[in-house]
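Got the model open in your viewer? Let's walk through it one selection at a time.

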Amino acid sequence: FVKAITTGLTKPPQYFSMNAKINREGYQSIDLVISNGMKAFSVSDFETEMNKNNTVVIDTRHQDVFEKGFIPGSVFIGLNGRFAEWVGTVLNIEEHFLIVADEGKEKEVVTRMARVGYDNISGFLSGGFEAWKNANKKIDMLISIDADEMLLDYKHDEIKVIDVRKETEFESGHVEGAMNVVLNDFENHVEKLNDQSSDQLYVHCLGGYRSMIAASLLKRKGFNNLRNIKGGWEAIQKTQIPVVMPQFSAS
(Lines give C-alpha, C1' and ligand atoms only; values in the text may rest on other atoms or scores of the structure.)
Protein backbone atom coordinates (compact mmCIF):
# COMPACT_ATOMS: atom_id res chain seq x y z
CA PHE A 1 0.00 0.00 0.00
CA VAL A 2 2.80 2.42 0.96
CA LYS A 3 4.64 1.64 -2.28
CA ALA A 4 1.48 2.20 -4.30
CA ILE A 5 0.81 5.64 -2.89
CA THR A 6 4.43 6.83 -2.89
CA THR A 7 5.54 5.61 -6.34
CA GLY A 8 6.08 8.54 -8.68
CA LEU A 9 6.20 11.21 -5.99
CA THR A 10 8.50 14.05 -6.96
CA LYS A 11 11.04 15.88 -4.85
CA PRO A 12 9.21 18.45 -2.66
CA PRO A 13 9.64 22.12 -3.63
CA GLN A 14 12.24 24.13 -1.70
CA TYR A 15 9.59 26.17 0.07
CA PHE A 16 8.29 23.08 1.95
CA SER A 17 11.30 22.95 4.27
CA MET A 18 11.62 26.74 4.37
CA ASN A 19 7.99 27.12 5.40
CA ALA A 20 8.57 24.69 8.27
CA LYS A 21 11.48 26.86 9.42
CA ILE A 22 9.39 30.03 9.08
CA ASN A 23 6.59 28.41 11.08
CA ARG A 24 9.07 27.88 13.91
CA GLU A 25 10.89 31.20 13.73
CA GLY A 26 8.17 33.57 12.53
CA TYR A 27 7.34 35.43 9.33
CA GLN A 28 8.38 38.80 8.04
CA SER A 29 5.52 41.26 7.95
CA ILE A 30 3.67 40.74 4.67
CA ASP A 31 3.27 44.50 4.45
CA LEU A 32 7.05 44.92 4.65
CA VAL A 33 7.65 42.24 2.04
CA ILE A 34 5.15 43.83 -0.34
CA SER A 35 6.59 47.29 0.31
CA ASN A 36 10.11 46.08 -0.53
CA GLY A 37 8.99 44.11 -3.56
CA MET A 38 6.90 46.93 -4.97
CA LYS A 39 9.89 49.19 -5.62
CA ALA A 40 9.62 50.40 -9.22
CA PHE A 41 12.95 50.52 -11.07
CA SER A 42 13.68 52.54 -14.18
CA VAL A 43 15.26 50.58 -17.04
CA SER A 44 18.77 51.76 -16.14
CA ASP A 45 18.34 51.01 -12.43
CA PHE A 46 16.77 47.63 -13.21
CA GLU A 47 19.77 46.76 -15.37
CA THR A 48 22.12 47.71 -12.55
CA GLU A 49 20.19 45.54 -10.10
CA MET A 50 20.04 42.52 -12.40
CA ASN A 51 23.82 42.53 -12.80
CA LYS A 52 24.32 42.05 -9.07
CA ASN A 53 25.38 38.61 -7.83
CA ASN A 54 22.71 36.01 -7.07
CA THR A 55 19.96 37.99 -8.79
CA VAL A 56 17.36 36.39 -11.07
CA VAL A 57 14.83 38.13 -13.30
CA ILE A 58 11.43 36.41 -13.24
CA ASP A 59 9.15 37.14 -16.21
CA THR A 60 5.55 36.42 -15.22
CA ARG A 61 3.77 37.30 -18.46
CA HIS A 62 1.87 34.72 -20.54
CA GLN A 63 4.13 32.27 -22.36
CA ASP A 64 2.79 33.32 -25.78
CA VAL A 65 3.93 36.88 -25.06
CA PHE A 66 7.18 35.92 -23.33
CA GLU A 67 8.51 33.90 -26.27
CA LYS A 68 8.26 36.89 -28.62
CA GLY A 69 10.71 38.91 -26.54
CA PHE A 70 12.23 38.97 -23.06
CA ILE A 71 15.22 40.25 -21.13
CA PRO A 72 18.17 37.89 -21.73
CA GLY A 73 18.64 35.48 -18.85
CA SER A 74 15.07 35.84 -17.59
CA VAL A 75 13.28 32.83 -16.16
CA PHE A 76 9.70 32.44 -17.35
CA ILE A 77 7.13 31.49 -14.72
CA GLY A 78 3.75 32.75 -15.84
CA LEU A 79 1.04 33.92 -13.48
CA ASN A 80 -1.45 32.02 -15.64
CA GLY A 81 -0.15 28.66 -14.36
CA ARG A 82 0.79 27.15 -10.99
CA PHE A 83 3.01 30.12 -10.37
CA ALA A 84 3.99 29.82 -6.70
CA GLU A 85 4.57 26.07 -6.96
CA TRP A 86 6.99 26.47 -9.86
CA VAL A 87 8.77 29.40 -8.21
CA GLY A 88 9.36 27.10 -5.24
CA THR A 89 10.48 24.24 -7.47
CA VAL A 90 12.94 25.76 -9.95
CA LEU A 91 14.32 28.84 -8.16
CA ASN A 92 16.86 28.95 -5.34
CA ILE A 93 15.15 30.53 -2.33
CA GLU A 94 18.44 32.15 -1.28
CA GLU A 95 18.66 34.27 -4.44
CA HIS A 96 17.34 37.80 -4.98
CA PHE A 97 14.59 38.42 -7.49
CA LEU A 98 13.51 41.12 -9.90
CA ILE A 99 10.08 41.06 -11.49
CA VAL A 100 8.84 41.67 -15.02
CA ALA A 101 5.04 41.65 -15.08
CA ASP A 102 2.02 42.96 -16.91
CA GLU A 103 1.08 46.39 -15.60
CA GLY A 104 -1.01 46.11 -12.45
CA LYS A 105 0.07 42.51 -11.71
CA GLU A 106 3.21 43.34 -9.74
CA LYS A 107 1.59 43.17 -6.30
CA GLU A 108 0.02 39.80 -7.08
CA VAL A 109 3.45 38.45 -8.05
CA VAL A 110 5.10 39.69 -4.85
CA THR A 111 2.26 38.42 -2.66
CA ARG A 112 2.14 34.95 -4.20
CA MET A 113 5.90 34.57 -3.93
CA ALA A 114 5.90 35.74 -0.31
CA ARG A 115 3.28 33.14 0.59
CA VAL A 116 5.78 30.37 -0.20
CA GLY A 117 8.69 32.06 1.55
CA TYR A 118 10.26 33.87 -1.42
CA ASP A 119 10.55 37.35 0.04
CA ASN A 120 13.96 38.43 -1.34
CA ILE A 121 12.26 40.55 -3.99
CA SER A 122 14.16 43.71 -4.85
CA GLY A 123 11.49 45.30 -7.05
CA PHE A 124 10.00 45.34 -10.55
CA LEU A 125 10.65 46.94 -13.94
CA SER A 126 8.57 50.10 -14.25
CA GLY A 127 6.72 49.99 -17.56
CA GLY A 128 7.37 46.27 -17.91
CA PHE A 129 9.10 44.66 -20.87
CA GLU A 130 7.88 47.36 -23.26
CA ALA A 131 9.96 49.93 -21.35
CA TRP A 132 13.03 47.70 -21.75
CA LYS A 133 12.34 47.22 -25.46
CA ASN A 134 11.66 50.92 -26.05
CA ALA A 135 14.99 51.75 -24.41
CA ASN A 136 16.64 49.68 -27.20
CA LYS A 137 18.08 47.21 -24.74
CA LYS A 138 19.13 43.77 -25.90
CA ILE A 139 16.32 41.21 -26.00
CA ASP A 140 16.10 37.46 -26.47
CA MET A 141 13.42 35.26 -28.04
CA LEU A 142 12.26 31.64 -28.10
CA ILE A 143 10.82 29.81 -31.05
CA SER A 144 7.62 27.78 -30.68
CA ILE A 145 6.45 25.44 -33.41
CA ASP A 146 3.36 23.32 -33.95
CA ALA A 147 3.54 19.55 -33.53
CA ASP A 148 2.94 19.20 -37.29
CA GLU A 149 6.13 21.15 -37.98
CA MET A 150 7.96 18.96 -35.49
CA LEU A 151 6.75 15.95 -37.48
CA LEU A 152 8.29 17.35 -40.67
CA ASP A 153 11.61 17.88 -38.91
CA TYR A 154 11.38 14.40 -37.36
CA LYS A 155 10.98 12.88 -40.83
CA HIS A 156 14.00 14.61 -42.34
CA ASP A 157 16.47 15.06 -39.49
CA GLU A 158 17.73 13.33 -36.39
CA ILE A 159 16.25 15.60 -33.73
CA LYS A 160 16.67 15.66 -29.96
CA VAL A 161 13.32 15.61 -28.15
CA ILE A 162 13.36 16.80 -24.53
CA ASP A 163 10.31 15.77 -22.49
CA VAL A 164 10.15 17.74 -19.23
CA ARG A 165 7.15 15.95 -17.71
CA LYS A 166 7.35 13.81 -14.57
CA GLU A 167 8.76 10.29 -14.87
CA THR A 168 5.30 8.77 -14.44
CA GLU A 169 3.92 10.91 -17.27
CA PHE A 170 6.86 9.97 -19.48
CA GLU A 171 6.36 6.28 -18.76
CA SER A 172 2.69 6.52 -19.73
CA GLY A 173 3.72 7.48 -23.26
CA HIS A 174 6.45 9.50 -24.98
CA VAL A 175 8.05 10.33 -28.31
CA GLU A 176 10.32 7.57 -29.58
CA GLY A 177 13.91 8.44 -28.64
CA ALA A 178 12.89 11.31 -26.32
CA MET A 179 14.99 12.18 -23.29
CA ASN A 180 13.20 12.76 -19.98
CA VAL A 181 14.64 15.93 -18.37
CA VAL A 182 12.20 16.34 -15.49
CA LEU A 183 11.37 19.97 -14.70
CA ASN A 184 10.54 19.13 -11.06
CA ASP A 185 14.22 18.27 -10.51
CA PHE A 186 15.70 20.29 -13.34
CA GLU A 187 19.18 20.98 -11.94
CA ASN A 188 19.94 17.27 -11.59
CA HIS A 189 18.28 16.11 -14.80
CA VAL A 190 19.74 18.81 -17.07
CA GLU A 191 23.17 17.24 -16.61
CA LYS A 192 22.06 14.75 -19.25
CA LEU A 193 22.42 17.54 -21.82
CA ASN A 194 25.93 18.69 -20.98
CA ASP A 195 27.41 17.28 -24.19
CA GLN A 196 24.56 18.32 -26.46
CA SER A 197 24.67 22.12 -26.49
CA SER A 198 25.08 22.18 -30.29
CA ASP A 199 22.04 19.97 -30.94
CA GLN A 200 18.63 21.31 -31.89
CA LEU A 201 16.49 20.58 -28.85
CA TYR A 202 12.71 20.14 -29.23
CA VAL A 203 11.24 20.78 -25.77
CA HIS A 204 7.74 19.78 -24.69
CA CYS A 205 5.57 19.02 -21.67
CA LEU A 206 1.89 18.11 -21.56
CA GLY A 207 0.39 21.37 -22.79
CA GLY A 208 3.10 24.04 -23.12
CA TYR A 209 3.47 25.87 -19.80
CA ARG A 210 6.21 23.74 -18.20
CA SER A 211 8.17 23.49 -21.44
CA MET A 212 8.40 27.28 -21.63
CA ILE A 213 9.80 27.34 -18.09
CA ALA A 214 12.31 24.67 -19.10
CA ALA A 215 13.23 26.47 -22.33
CA SER A 216 13.92 29.69 -20.42
CA LEU A 217 16.11 27.80 -17.94
CA LEU A 218 17.99 26.16 -20.80
CA LYS A 219 18.48 29.55 -22.45
CA ARG A 220 19.85 30.88 -19.18
CA LYS A 221 22.35 28.00 -19.13
CA GLY A 222 23.56 28.75 -22.66
CA PHE A 223 21.47 26.36 -24.74
CA ASN A 224 20.35 28.40 -27.75
CA ASN A 225 19.21 25.85 -30.33
CA LEU A 226 15.72 25.36 -28.92
CA ARG A 227 12.23 24.72 -30.24
CA ASN A 228 9.27 24.77 -27.86
CA ILE A 229 6.38 22.55 -28.99
CA LYS A 230 2.99 24.27 -28.83
CA GLY A 231 0.35 22.10 -27.21
CA GLY A 232 2.99 19.64 -25.94
CA TRP A 233 2.26 15.94 -25.66
CA GLU A 234 -1.45 16.52 -26.20
CA ALA A 235 -0.71 17.95 -29.66
CA ILE A 236 2.06 15.47 -30.49
CA GLN A 237 -0.32 12.50 -30.07
CA LYS A 238 -2.53 13.90 -32.84
CA THR A 239 0.33 13.64 -35.36
CA GLN A 240 2.19 10.69 -36.89
CA ILE A 241 5.31 11.28 -34.79
CA PRO A 242 6.44 7.82 -33.56
CA VAL A 243 5.62 7.31 -29.91
CA VAL A 244 6.28 4.65 -27.28
CA MET A 245 3.29 3.55 -25.24
CA PRO A 246 3.24 1.18 -22.24
CA GLN A 247 2.56 -2.46 -23.00
CA PHE A 248 -0.17 -4.11 -20.95
CA SER A 249 -0.26 -7.89 -20.84
CA ALA A 250 -3.64 -9.60 -21.12
CA SER A 251 -4.92 -11.04 -17.85
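Start by selecting Val 87, which sits in helix 6; helices here are DSSP runs of H or I with at least four residues, strands are E runs of at least two, and both are numbered from the N terminus. This is a predicted model, where local features need pLDDT of at least 70 and side-chain atom pairs count only at pLDDT 80 or more, while totals for chains, interfaces and linings use all residues. Residues are numbered from 1 along each chain as its sequence is written, and side-chain values use heavy atoms, with hydrogens and water left out.

Is Val 87 buried or exposed? Val 87 counts as buried, at 0% relative accessibility (buried is under 20% relative accessible area, exposed over 50%, partly exposed in between, with a 1.4 Å probe and protein chains only). Show what surrounds Val 87: leaving aside neighbours within four places in sequence, it is in contact with Ile 77, Met 113 and Tyr 118, contact being heavy atoms within 4.5 Å. For a distance label, try Val 87 to Val 75: C-alpha to C-alpha they are 9.8 Å apart in space, and 12 residues apart in sequence.

Now widen the selection to the whole of helix 6. Seven of its eight residues are buried, so helix 6 is largely enclosed by the rest of the structure. The buried ones are Phe 83, Ala 84, Trp 86, Val 87, Gly 88, Thr 89 and Val 90.

Next, add helix 12 (residues 209-220) to helix 6 (residues 83-90): their axes come within 12 Å and cross at roughly 35 degrees. Those axes are lines fitted to C-alpha atoms over the stretch in contact, with angles from 0 to 180 degrees between N-to-C directions. Which residues meet here? From helix 6 come Phe 83, Trp 86 and Val 90, and from helix 12 Tyr 209, Arg 210, Ile 213 and Leu 217. That contact divides into six nonpolar residues, no polar and one charged (Ala, Val, Leu, Ile, Met, Phe, Trp, Tyr, Cys and Pro are nonpolar, Asp, Glu, Lys and Arg charged, and the others, Gly among them, polar).

While you're in helix 12, click Ser 211. Ser 211 is buried at 0% relative accessibility. Not counting residues up to four places away in sequence, Ser 211 touches Val 164, Val 203, His 204, Cys 205, Asn 228 and Ile 229.

Time for the rings. Rings of Phe, Tyr and Trp (its six-membered ring) pair if their centres lie within 6.5 Å; planes under 30 degrees apart are stacked, over 60 edge-to-face, and the rest tilted. By this rule there are five aromatic pairs. Pick Phe 76 and Tyr 209: the ring centres are 5.7 Å apart and the planes at 70 degrees, so this pair is edge-to-face. It links distant parts of the chain, with Phe 76 in strand 3 (residues 75-76) and Tyr 209 in helix 12, 133 residues apart. Phe 76 is buried at 0% relative accessible area, and Tyr 209 is buried at 13%. Add Phe 66 and Phe 70, and you have a cluster of Phe 66, Phe 70, Phe 76 and Tyr 209 linked by ring pairs.

Last stop: Met 113. Leaving aside neighbours within four places in sequence, Met 113 is in contact with Ile 58, Phe 83, Val 87, Phe 97, Ile 99, Tyr 118 and Ile 121.
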